[in-house]
Amino acid sequence: MAEQLGFFPRVSESDPRPPETITWNPWCGCTKVSEGCRHCYMYRRFESVGRDPAAVSRTQSFGLPVKRLRTGEYKGMYKVPCGSRIFTCFSSDFFHRDADVWRGEAWDMMLERQDCTFFMITKRPERILEHLPADGTDRCSHITIAVTCEDQRAADKRLPIYLELPLLHRSVMVEPMLSPVDLRPYLRDGLIESVSAGGESGPMARTCDFSWVQDLQSQCVEYGVSFSYHQTGARLIRNGREYNIPRRYQHIQAKKAHLDYDPINRVLPDDVPVG
Ligand code: SF4
């Protein structure tokens, strides 16, 4: 999926270490904004250890992208190797209001690490324009800000705003997919590079119908946009029958459906049964 989402790691001759794929959470905690948040995994995780998931706080790993090694063979080099893929802010929303005070510093770190790629997801595209780096997005070619659209309502609310933003990469996550979603009005102008779909995980998961995913994939094929079926979710309906899929199989079962589509290599879908 990462390759389809604007990740093209660069390799530095001065850093012999292999690139890594890591998650960087500069802050954590968030407040719910829509149906897609109902069973937020961060809420589940925080509540299970008695933490308030709605309290947004800066984490100890805030400075991770620019942290330097103090000892060892690579002393003085960044802790995160050159060319790494950094999934950013997956325990919050990067554009949450309560993080306004820290965001400028986070942008500075991302702009310093032009040798890495960053990928983040937001449900708050209406806050992006006012909270981009101070000098604009010219030096942000290594950063992808994706938007989640879990249903048609979210798509129609968020995508018109998202498409107007001065971003260099655009990616849409239809996850957890809660209904059929028609993205055609938003795919037409070629601004969206990739679409990803997936069902909901966890004990309270809502169902995802495989036909919704197939339809979304066919929209992407129609408009030549990359598509990835990321994971099935815990409850998949196919041909009217419901399948309960354990977490460890959700990704692999989605891949077995052969719905991933790459318009550059023209990988066309098969219709391999799931489950
Ligand atoms: S925006 Fe994301 S992190 Fe925040 S509550 Fe919703 S699902 Fe959770």
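In this predicted model, the strands β9, β11 and β12 form an open sheet, in the order β9-β11-β12. Its pairing is mixed. Strands β9 (208-209) and β12 (241-244) stand at the edges. Each has a single partner strand, so one side of each is left without a neighbour in the sheet. Between β9 and β11 (residues 235-238) the pairing is parallel, over 2 bridges. Here C208 stands opposite L236 in β11.

Next, the nonpolar interior. The largest nonpolar core has 53 residues. V172, V174, V195 and L216 have the most contacts inside it. Several elements give two or more residues to this core, including those tabulated here.

| Element giving two or more residues to the core | Residues |
|---|---|
| α2 | 100-112 |
| β5 | 117-122 |
| α3 | 152-163 |
| β7 | 170-174 |
| β8 | 194-198 |
| α5 | 210-223 |

The largest share comes from α5, with 5 residues. What does L216 touch, not counting residues up to four places away in sequence? Its contacts are V174, V181, L183, V195 and A197.

Another core, of 5 residues, lies apart from the largest one. W27, C30, V56 and A99 are among its members.

C30 also appears in the ligand shell. Around the ligand, C30 is joined by K32, V33, C37, C40, M42, S92, D93 and K123. By class, this shell has 5 nonpolar, 3 charged and 1 polar residues.

Methods:
Residues numbered from 1 in each chain as written. Predicted model: local features only at pLDDT ≥ 70, side-chain atom pairs only at ≥ 80, totals over all residues. Core = buried A, V, L, I, M, F, W, Y, C linked by C-beta atoms within 7 Å. Buried ≥ 20, exposed ≤ 12 C-beta atoms within 10 Å, placed from the backbone. Helix = DSSP H or I, 4+ residues; strand = E, 2+ residues; numbered from the N terminus. Contact = placed C-beta atoms within 7 Å. Pairing = 2+ DSSP bridges. Near = placed C-beta within 6 Å. Nonpolar A, V, L, I, M, F, W, Y, C, P; charged D, E, K, R; others polar.
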